[in-house]
Amino acid sequence: MKVSFKSNLDKIVSYLLILLMGIMVLNVTWQVVSRYIFQNPSSFTDELSRYMLIWLGMLGAAYVAGQDQHLAIDILPQKLVGKSKARLMIFIYSLVLAFSVLVMVLGGSNLVYITYILKQKSATLQLPLAYVYSIIPFSGLLISYYQIYQIRQQISLLKA
């Protein structure tokens, strides 16, 4: 059985999400232990958990878009069938694609570029913020791929 590129990508992103969530749980647990048990709060855990939450949210949004399980008001698609539903879904996926390319890929890349040029660093970790923000265009690329995949699926339904 041939495994598709999409299924491999889904697997990689899901494992990355699991890893991020596991590290985040350990990080927050250490924060609580160091604060309440040792009475000496760790200085980096708060900032690290914030950045990991950003990465988790952005990658999670891309993964959910790839599974076509994102939050949506689907009253109209549920009422339509056949080619009219496929046309509507192509339109919806095209809008999401336009947003992901314009806002996330282009706008996010601009944000990464500006923070890289200005050499902005995080307060505690002294981590370049360009690294933190790089998840925005990366997730935008993932969402774009997934939307193009969905559009192609709907076009094949129109041809059938």
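Author: Buried means under 20% relative accessible area, exposed means over 50%, and partly exposed is what lies in between. Keep that handy for this one, which is a predicted model.

Reader: Why is tyrosine 146 called buried or exposed, whichever it is?

Author: Tyrosine 146 has a relative accessibility of 1%. The cut-off for buried is under 20%, so tyrosine 146 counts as buried.

Reader: And what makes tyrosine 145 buried, exposed or partly exposed?

Author: Tyrosine 145 comes in at 26% relative accessibility. Partly exposed runs between the 20% and 50% limits, so that's the label for tyrosine 145. Tyrosine 149, with a relative accessible area of 27%, is partly exposed by the same rule.

Reader: How many aromatic pairs are there?

Author: The count comes to four aromatic pairs. One of them is tyrosine 145 with tyrosine 146, with ring centres 5.7 Å apart and planes at 55°.

Reader: Why is the pair of tyrosine 145 and tyrosine 146 called tilted?

Author: Stacked needs planes under 30 degrees apart and edge-to-face needs over 60. At 55° the pair meets neither condition, so it is tilted.

Reader: What makes tyrosine 145 and tyrosine 149 a tilted pair?

Author: Their ring centres are 6.5 Å apart, and rings pair if the centres lie within 6.5 Å. Their planes sit at 35°, between the 30 and 60 degree limits, so this pair is tilted too. Both residues lie in helix H6 (residues 135-159), four residues apart, or about one turn of the helix. Ring pairs also link Phe5, Tyr145, Tyr146 and Tyr149 into a cluster.

Reader: Stepping back, what is the secondary structure of the chain?

Author: Six helices and zero strands, so to speak an α-α-α-α-α-α pattern along the sequence.

Reader: How do you know whether the chain is more spread out than a compact globule?

Author: Set its radius of gyration, 20 Å, against the 15 Å that the globule rule gives for 160 residues. The chain's value is well over that, so the chain is more spread out than a compact globule. The C-alpha trace spans about 65 × 35 × 35 Å along its principal axes, and 33% of the 160 residues count as buried.

Reader: Why is valine 28 called partly exposed?

Author: Its relative accessibility is 33%. That is neither under 20% nor over 50%, so valine 28 counts as partly exposed. You'll find valine 28 in helix H1 (residues 5-36). Valine 28 and tryptophan 55 are 27 residues apart in sequence and 15 Å apart in space, C-alpha to C-alpha.

Note on methods: Residues numbered from 1 in each chain as written. Predicted model: local features only at pLDDT ≥ 70, side-chain atom pairs only at ≥ 80, totals over all residues. Heavy atoms only, no water. Helix = DSSP H or I, 4+ residues; strand = E, 2+ residues; numbered from the N terminus. Rg over C-alpha atoms; globule rule 2.2 N^0.38 Å. Buried < 20%, exposed > 50% of the residue type's maximum accessible area, 1.4 Å probe, protein only. Phe/Tyr/Trp six-rings, centres within 6.5 Å; stacked < 30°, edge-to-face > 60°.
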